[in-house]
Amino acid sequence: MRRAIPARPGRGRVAPGALAILLFAGQAAGDVLDVMREELERSRGILALQPTPAYYLSYEITEDETVTVGAEFGSLTRWWEGVRRSLDIDLRVGSPTLDNTRELSERVRRGSLGFARAAQIPIDDEEGLRTVLWHRTDKKYKEAIERFTKVQADVKVNVETGDKTGDFSLEKTEVASEDTVALRADRTGWEDKVRRYSAPFADSPHVFSANASIQGNVETRWYVNSEGSAIKTSVAYYRLSIRAVTRAEDGMVLPRTEQFFSLTPEGLPNDETVMAAVHEMVGDLEALRTAPLVEPYAGPAILSGKASGVFFHEILGHRLEGHRQKGATEGQTFSKMVGESVLPETFSVAFDPTIRRFGGTDLVGAYRYDNQGVKARRVPVIVNGVLTNFLMARLPIEGFSRSNGHGRKNVGFAPVARQSNLIVEASETMTREELKARLLAMVERDGKEFGLFFDRIQGGFTITRRDLPNVFTVTPTVVYRINLDGTEELVRGVNLIGTPLTAFSRIEAAGDDFQVFNGTCGAESGPVPVASVSPSILVSQIEVQKRATTQTRLPILPPPGHSFGEMSPSASMGETR
Amino acid sequence: MNLPAIARHALAVIVLVAGAVPLAAPLAEDSVLMRAMRDELARSMAELRLEDAEKPYFLAYRVQERTYGGATASLGGLLSSSEGVNRQLFVELRVGDYGFDNTNFRSMSSASAMRPNIATLSVDDDYDTLRRQIWLATDTAYKRALDQIAGKRAALQNQTQVKDVPDFSEMPPHRYDGGTDGQLDTAPARTLARDVSTAMRGMAHLSRSEVRVTTHLERTWFVNSEGTEFVREAPYIGLHALAAAQAVDGTELEDFVALWVRRWEDLPAPMVLAGQVSAMTQRLDQRREAAHLERYAGPVLFEGQAAAELVSQVFGPRLVAIRMPTFDNPAMQQASARFRNPFLDKIGSRVLPRFLSMVSDPTIEGHEGVPLWGRQPVDDDGLPAQRTLLVERGILKTLLSTRVPLAEVPDSTASRWRDMTVPGSFFVTPSRGLSDEELKQELFALAAERGLDHAIIVRRIGSRLAKLNRRSAGYARDGWSSSVEPLIGAYKVFPDGREELIPIAVLSTLSESDFRDIVNVSEATSRHDTGFSPSVDGRAAGFATWPVSVITPTLLFEDVSVRRPRENIPTPPLTPHPLSKG
């Protein structure tokens with residue numbers, strides 16, 4: 001039965017300055033899938049005969065190959081290269097109506113910790129592959145029957161929830177195989193780039209950290225399940241991140257970040273574009289240090305496309321994730337609102353993992369199959385303002401019995417419904433000037449002195465549980481005050497906060513300037529890459545709260561090579577545009 | 001010092017280099033990095049001061065650069081591999097004076113002030129960037145130090161220190177330049193891990209197996225405000241082959257092969273390695289079928305590796321003096337008392353039999369031609385390594401310590417590694433001993449006194465460095481608990497020469513105080529390498545492990561309780577091993 005699995009081809013190293021050529025690896029995957037399938041069938045045959053039979057089994061092997069380089073103030077601080085192969089198993093006992101994965105009540109669950117656990121597995125050796133699959137399946141089965149006993153007891157002693165749907169949906173068999181993408185890491189070239197990108201910050205005595213990093217990674221997944229699906233996918237991600245931090249006289253830490261993402265190394269911006277962004281960051285940081293603080297405020301605001309993308313991700317996206325409509329501890333904001341109008345009818349929202357690119361930017365939330373072997377598809381969730389659908393993994397919920405290809409996870413976690421590429425569409429849009437004019441009219445109408453413009457953001461977070469306030473926060477890095485006279489003034493020190501339904505009811509209009517935000521979303525199934533495409537939006541009322549700050553003084557001594565004079569605070573009142 | 005036995009032992013070892021080499025500048029240490037460290041140190045000592053607050057009285061920079069590579073493989077297939085480089089700066093800044101400063105204090109209310117002063121440094125030797133990074137890290141450290149000393153003074157307003165021991169000991173300057181021109185190729189790790197793991201193929205009794213190969217080239221640059229400077233380089237290659245099997249009754253069994261070398265060429269030949277791994281898998285197979293020992297109380301002989309592990313896991317941790325900090329929370333102050341090393345009160349008392357002495361020696365390069373672990377030319381305070389006589393003819397003379405004095409151990413033994421105290425190579429030296437045969441006879445005689453028809457010999461004990469389940473390895477272990485890893489090579493032995501293997505057993509009670517009653521030892525000593533788990537404030541420092549060589553004779557204890565592990569046994573696999581279907 002021994003079979004040699006062809007060795008995986010090495011990484012395509014690209015010489016500095018050489019023209020990068022897309023490389024694809026050989027056809028090693030077929031054999032890995034075959035061995036996985038054979039071992040799955042062998043275990044399933046035996047486990048199906050046990051007193052508590054296994055009714056479903058899937059294996060997912062993930063190979064993650066990564067190269068990272070980082071620099072600060074023009075000098076290299078680190079490089080790292082690595083590869084890791086991990087195995088995740090979904091093994092279910094009971095039946096699709098009630099199985100071992102059923103959420104336990106708080107009473108039973110207390111004390112159990114949700115650490116990620118994935119076994120490492122060799123893929124280039126058949127005996128190793130089979131042995132790890134065998135050993136981990138046995139372990140997983142034993143865990144499953146133990147948990148199923150708890151589930152059965154829990155179901156008996158707790159009141160039934162309103163949702164009578166089961167624990168697992170049956171899905172179509174999928175068979176597909178992609179070639180392994182080679183990681184095209186030009187480490188020497190990348191080192192040179194991150195040095196150059198982080199160097200201009202060294203000229204500013206007020207910048208206290210300035211990092212540039214480039215990371216390339218290829219994630220190759222082999223997936224088989226007992227329904228006959230066998231899928232291999234391979235995708236590369238390339239990220240350039242630049243983050244610099246200054247501090248105001250009052251101790252407030254002021255970061256400024258830029259992130260670029262691409263599915264190919266040549267899709268990352270060229271040096272000229274990056275250096276322009278770096279110089280803009282240096283200017284912004286200088287201006288931010290002395291920008292005036294904004295006091296807590298409620299009033300009209302414009303959110304840039306990136307800011308509104310994160311806004312929609314937090315207040316809408318997380319609340320449409322299927323399992324959150326079922327969990328007894330979840331807020332279930334939108335569970336009973338299907339068919340109701342939740343946004344102005346000019347707005348539609350879809351999640352679409354099949355789109356790989358928008359307006360010249362690759363989208364990191366794209367994939368072909370989710371982590372439960374279900375094909376990715378476009379899911380319109382809001383059509384002309386009306387809520388129509390949820391994001392579904394293979395956990396059914398009332399009225400939505402099947403997955404729509406959004407069962408996602410990171411290695412070691414169990415998949416749940418997660419977001420992909422969030423696409424906000426607007427049937428009516430306005431130019432930036434029109435949005436601004438309408439904002440100013442609202443400011444005047446409300447008797448305010450100014451409105452706000454949230455330009456650049458770091459990210460955000462939200463709470464969806466019902467035992468805590470259902471709030472969201474978007475953390476901006478660049479915010480402008482738009483004064484009644486139309487001038488725009490850089491300000492600092494606020495986060496955008498709110499509650500979902502109120503925030504939604506205040507959305508007034510969309511701009512015509514769509515922007516992409518690529519990021520990583522963290523939730524119970526681990527960090528997953530997500531993107532949003534959204535126009536800027538006008539909101540009749542948002543609320544901001546003061547940002548947490550430190551009381552740490554500025555450095556006592558001037559930077560080496562600088563005099564004290566250069567360190568003294570500038571008298572400027574902030575940048576005005 | 002009159003220690004003939006130890007002196008004899010010292011003659012038996014190959015001394016290649018002993019101690020630090022005094023230097024005359026300029027040396028290899030005149031690198032851009034050292035220049036940046038010195039310049040920022042000088043500026044900080046001269047100018048760093050916040051209004052009316054105290055100036056730093058002591059400042060040290062330690063930069064650690066780690067070039068690392070590693071690979072893990074199973075049955076010939078790669079599980080993971082990585083390589084990389086990074087540099088970290090550790091700033092030690094003290095305000096106050098040697099008698100009373102900001103250290104030896106833990107605040108429960110001001111967590112940010114207690115954070116370690118660690119910063120990332122550039123690996124490019126760019127003077128301006130390095131200066132800037134060091135400047136910012138020093139500024140943070142100074143502000144934290146001021147917070148700490150204020151917190152400590154506030155806490156002590158309501159407490160009276162029983163003993164007035166200085167916070168830091170003053171030391172004369174010392175310089176050492178070990179160079180930084182060594183090379184360690186990380187590339188062979190992948191191939192080696194794969195190749196060695198191949199030796200475990202085709203064995204249906206193994207449920208899991210793994211080979212980890214780790215390489216580090218650690219370079220350290222150090223300057224302090226007392227004028228001490230050093231540059232040190234330490235290569236490390238570790239190979240761990242681990243395997244697990246389930247006994248016929250389901251009991252989980254593990255075994256390992258662990259070795260560390262400084263250079264690739266010092267690794268045994270592939271055939272030899274494969275032989276060691278194969279022997280390990282055979283041992284596991286034999287243990288699967290063996291009958292359990294339910295309970296035993298009586299004499300036990302610890303040979304070779306088992307004796308070395310016992311010294312490292314039970315006796316060794318007590319030979320380290322750790323100063324308990326002042327807490328700003330009385331409950332924590334009280335709780336910390338249970339981590340106090342009982343040996344602090346035993347200095348001058350007998351802790352070993354009169355025929356045993358013990359030394360920690362970081363100055364000896366090799367033993368019988370093989371480099372020793374625990375050697376370092378200077379410690380992380382920059383002090384020249386020194387041999388420390390810990391136990392002389394059974395009497396505890398002192399404990400290993402750093403520049404943080406204790407009432408019982410006022411002087412540093414140059415034993416600092418990072419923020420921990422670690423030994424050099426341990427030498428347990430007998431002034432008299434028996435031959436192996438005589439020792440066995442004594443073992444049986446002791447057993448007979450108790451009416452036992454057999455005794456126990458332990459040849460292998462699990463290592464804290466080599467476990468398949470890394471999550472449990474060394475995790476939050478209480479530094480003073482006497483738990484010993486399971487006995488993985490224990491035998492019931494009979495006077496007629498018969499030996500019965502015990503699949504797995506644990507020592508139910510064995511503590512440092514039992515070493516006093518060792519009844520006899522072998523005349524000959526043997527060397528084994530093991531992982532020493534250092535502690536911080538008396539508690540185990542997580543995953544930090546310090547490889548150390550232990551040279552010890554076979555140890556005969558009169559009263560040891562051995563039993564079967566109490567944990568429930570997992571059921572055997574439901575599905576047969578993939579290899580077993582033919």
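Here is a short tour of a predicted model, with something to select at each stop.

**Stop 1: where the chains meet**

Colour chains A and B separately and go to the place where they touch. On the A side, 46 residues are in contact with 42 residues of chain B. To see where the A side comes from, select helix 1 (29-47), strand 2 (75-93) and helix 3 (126-157) of chain A; these are the elements that give two or more residues to it. Colour that side by class and you should get 21 nonpolar, 13 polar and twelve charged residues.

**Stop 2: a strand pair across the chains**

Keep strand 2 of chain A selected and add strand 2 of chain B, residues 77-95. The two run antiparallel, joined by seven bridges. Which residue in strand 2 of chain B is the bridge partner of A:Arg78? Zoom in and you'll find B:Asn86.

**Stop 3: two domains in chain A**

Now hide chain B for a moment. The domain assignment splits chain A into domain 1 (29-185 + 209-236) and domain 2 (297-546). Their C-alpha centres lie 29 Å apart. Where they touch, 26 residues of domain 1 are in contact with 23 residues of domain 2. On the domain 1 side, pick out strand 1 (54-72), strand 2, strand 5 (207-225) and strand 6 (230-247), each giving two or more residues. Strand 1 has the largest share, three residues. By class, this side of domain 1 has six nonpolar, eleven polar and nine charged residues.

**Stop 4: a helix that comes up short**

Still in chain A, select helix 6, residues 305-317. How far apart are the end C-alpha atoms of this helix? They are only 16 Å apart, while a straight helix of 13 residues would reach 18 Å at 1.5 Å a residue. Show the surroundings too: 13 of the 13 residues of helix 6 are buried, so this helix is largely enclosed by the rest of the structure.

**Stop 5: the nonpolar cores**

Bring chain B back. Nonpolar side chains tend to be buried together in soluble globular proteins. The largest nonpolar core here has 233 residues, and A:Val349 and B:Val562 touch the most other members. Select strand 26 of chain B (residues 546-563) next, as the largest share of this core, nine residues, comes from there. Then centre on B:Val562 and look for the residues it touches, among them B:Leu293, B:Tyr296, B:Ile456 and B:Leu507.

Finish at a second, separate core of 38 residues, which includes B:Leu48, B:Ala60, B:Ile149 and B:Phe222.

Terms used: Residues numbered from 1 in each chain as written. Chains lettered and ligands numbered in written order. Predicted model: local features only at pLDDT ≥ 70, side-chain atom pairs only at ≥ 80, totals over all residues. Contact = placed C-beta atoms within 7 Å. Helix = DSSP H or I, 4+ residues; strand = E, 2+ residues; numbered from the N terminus. Nonpolar A, V, L, I, M, F, W, Y, C, P; charged D, E, K, R; others polar. Pairing = 2+ DSSP bridges. Core = buried A, V, L, I, M, F, W, Y, C linked by C-beta atoms within 7 Å. Buried ≥ 20, exposed ≤ 12 C-beta atoms within 10 Å, placed from the backbone. Domains from an automatic or database assignment. Expected span 1.5 Å × (residues − 1). Lists of a residue's contacts leave out its neighbours within four places in sequence.
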